[in-house]
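Reader: I've got a model open on my screen and I'd like to talk through how its helices and cysteines sit. Can we go over it together?

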Amino acid sequence: MASRQSLAPNVTSFVVPGPPVAQARPRIVTRAGHAGLADRKDVKDYKGYFKLCVAQNRPLTPYTGACKATVDIFVQKPASWPKKRIHAETKPDVDNFLKLVFDCMEGIVYSNDSRVVEVTARKHLSDTPRVEVVVEELAEDGQEGMVKRLENDRLCSGITVEASEAKGD
């Protein structure tokens, strides 16, 4: 399943092992005479798997401030490609992977994907396909936003601390 790295309290980091799947255009379906949109089965299955990995590495409470995200997508290198080739100039596009990644983290890592204001995304060739994600909540007023989250996380985990201790005084 997903592995977690221990980082600062306002940073969530995880790895989703396995070949990444990009968000595809939804298909139009009709049910009981009503038209609607539906994901392809492979996309729907991968979203469920991705959300499970995210949930295992979630912050105690979703971030409510501005966030920056770093997403590294490792796709399987085709056996026919020369070893010297290092860039993953293949379909699907990076932005289609990002759509799925951000949608799956919504409500778990952050309250809404509109909170993501800065993105670094890279697509790599690898013999070990996976997606690595780091999301950091940015402090709006110096360190106040981070301190507020730290205090809130400690309250949710049952740990009580003095406000001055949380601020590092």
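**Helix packing and cysteines**

Author: Sure, and keep in mind that this is a predicted model. V43, Y46, K47, F50, K51 and V54 are the α1 residues in contact with α2, and on the α2 side the partners are L100, V101, C104 and M105. Sorted by type, the residues of this contact come out as no polar, two charged and eight nonpolar.

Reader: How are α1 and α2 oriented to each other: parallel, antiparallel, perpendicular or oblique?

Author: Helix α1 covers residues 41-55 and helix α2 residues 94-105. Their axes lie 9 Å apart, at an angle of about 50°. Roughly parallel would need under 35 degrees and roughly perpendicular 65 to 115, so the two helices are oblique.

Reader: Which hand does the crossing of α1 and α2 have, left or right?

Author: Here's the short version: α1 passes α2 in a crossing that is right-handed.

Reader: Is V101 buried or exposed?

Author: V101 sits in helix α2. Beyond its neighbours within four places in sequence, V101 touches F50, V71, V131 and V133. Its relative accessible area is 3%, and buried means under 20%, so V101 is buried.

Reader: How far away is the nearest cysteine sulfur to C104?

Author: A disulfide needs sulfur atoms within 2.5 Å, and the count for this model is zero disulfides. C104 is in none, the nearest sulfur being that of C53, at 9.9 Å.

Reader: What relative accessible area does C67 have?

Author: C104 is buried, at 1%. C67 is buried as well, with a relative accessible area of 0%.

Methods
Residues numbered from 1 in each chain as written. Predicted model: local features only at pLDDT ≥ 70, side-chain atom pairs only at ≥ 80, totals over all residues. Heavy atoms only, no water. Axes fitted to C-alpha atoms, helices over the stretch in contact; angles between N-to-C directions. Helix = DSSP H or I, 4+ residues; strand = E, 2+ residues; numbered from the N terminus. Parallel < 35°, antiparallel > 145°, perpendicular 65-115°, else oblique. Left-handed = near helix turned anticlockwise from the far one by under 90°. Contact = heavy atoms within 4.5 Å. Nonpolar A, V, L, I, M, F, W, Y, C, P; charged D, E, K, R; others polar. Buried < 20%, exposed > 50% of the residue type's maximum accessible area, 1.4 Å probe, protein only.
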